[in-house]
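Here is a set of short exercises to work through with the model open beside you. Try each task before reading its solution.

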Amino acid sequence: MTTAPERAFVVGVDSGGSGLRVALARPGQSRAGEGRIVETVSSREPVRTGAGGIDAGHLLGQLLPAVDAMTARAGGGTVLAVAVGAAGMATLGDRLRAELPGAFDRAWGVRRLALAADAVTAYAGALGQRPGAVVAGGTGLIALGTDLSGWRRADGWGHLLGDCGSGAWIGRAGLEAAMRAYDGRRGGSAALLARAEERFGPAAGLPGALYPRTDRPAVLASFAPEVAACAAAGDAVAAGVLERAAAHIAEAAAAVVPSGSRSEVALTGGLFRMGESLLGPLRAEFGALLPGVREVPAAGDPLAGAVTIAAALADGSLRLPEDPRLLQLTR
């Protein structure tokens, strides 16, 4: 384990569909040496993704000046390590892996770099460097687990192939129930139909309003709170949607949780702020599928997880396992 010089910093980055967040932190000054955040900055402009994957130049164009400005406001200093967590890193991160090490070396002389899938930074934010499992749920959904020797992943395959139990999945199921009510078919919900028409307009026009959208997952997920509200108001169809979502979420967690009597699982992301209509069935499913596994609160978010990884990389205490797609390290 190395000792950080005075006026040393680490940088954590969280790049996702809603924008870019960057944290400047002091290494080793919080519990378990996870890093104390000095300042964060946010941009609502997501990093572009094109035919070549995530645009490294666009990320650097936002990141480098933001870190330089934060470092100057903190009185100057040395960047010891950087951790970048990005949505799509596993499949679209080739340009980041090729370009970021050299760019950070030239800009700050830093060679310690972690490039992580956003699920990994979500894991580190929720559980730190302990073995266990994390389910990250929002518009999409992915479960990630580790025994600290390797990673296990379940779902995260997008709204057409998976993300079962996610906000997009719940919203789509709720809109299907609305259309069933509109048609007069079994399984329909008049309450969901009313909310769908209030939000999107006449039901007959919904396909034309939805199908051409390039942001369909987010549009579908925007209806998930309406499903939760109908369930809380006693609509049996909406409650059934959330019960099925809870089963999918628990199945994903069960697929990745490491064996052992002290295993833990944490939930992170906006999906789990939907309230008791989802959390009640989810606790029941966990009890059935994961006996003996403790559900614990997430300690922090993905940006905190990126800082945790950067701080551990800086002082040589990183225990999370390397993986060519999920967590690639340069030292």
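**Exercise 1. Find the ring over which the charged end of Arg153 sits, and give the distance to its centre.**

Solution. Start at the charged end of Arg153 and look for a ring beneath it: this is the ring of Trp157, with its centre 3.8 Å away. The test applied here asks for NZ of Lys or CZ of Arg within 6 Å of the ring centre and within 35 degrees of the ring normal. A word on the ground rules: this is a predicted model, in which local features need pLDDT of at least 70 and side-chain atom pairs count only at pLDDT 80 or more, while totals for chains, interfaces and linings use all residues. Residues are numbered from 1 along each chain as its sequence is written, and side-chain values use heavy atoms, leaving out hydrogens and water.

**Exercise 2. Classify the aromatic pair Phe104 and Trp108, and say how the two residues are placed in helix α3.**

Solution. First, the rule: rings of Phe, Tyr and Trp (its six-membered ring) pair if their centres lie within 6.5 Å, and planes under 30 degrees apart are stacked, over 60 edge-to-face, the rest tilted. A search of the whole structure gives three aromatic pairs. In this one, the centres of Phe104 and Trp108 are 5.2 Å apart with 5 degrees between the planes, so the pair is stacked. Next, the placement: both belong to helix α3 (residues 94-108), and because they are four residues apart there, about one helical turn separates them. Helices (H or I, at least four residues) and strands (E, at least two) are DSSP runs, numbered from the N terminus. Finally, Phe104 and Trp108 are both buried, where buried means under 20% relative accessible area, exposed over 50% and partly exposed in between (1.4 Å probe, protein chains only).

**Exercise 3. Do the same for Tyr123 and Trp151: which kind of aromatic pair do they form?**

Solution. The centres of Tyr123 and Trp151 lie 5.4 Å apart and the planes meet at 85 degrees, making the pair edge-to-face. This pair links distant parts of the chain, with Tyr123 in helix α4 (residues 118-127) and Trp151 in strand β10 (residues 151-155), 28 residues apart. Tyr123 has 0% relative accessibility, so it counts as buried. Trp151 is buried too, at 13%.

**Exercise 4. How many residues make up the largest nonpolar core, and which helix supplies its largest share?**

Solution. A nonpolar core is a set of buried Ala, Val, Leu, Ile, Met, Phe, Trp, Tyr and Cys residues joined through side-chain atoms within 4.5 Å. The largest one has 67 residues, and Val82, Val84, Leu100, Phe104 and Val120 have the most contacts inside it. Helix α12 (residues 302-315) supplies the largest share, nine residues. Now zoom in on Val82: not counting residues up to four places away in sequence, its contacts (heavy atoms within 4.5 Å) include Phe104, Trp108, Ala310 and Leu313. Another core, of 47 residues, lies apart from the largest one, and Val219, Leu242, Val257 and Val265 are among its members.

**Exercise 5. How many disulfides does a search of the whole structure find?**

Solution. Look for cysteine sulfur atoms within 2.5 Å of each other, the cut-off for a disulfide. The search finds zero. As for individual cysteines, Cys164 is partly exposed at 24% relative accessibility, whereas Cys230 is buried at 3%.
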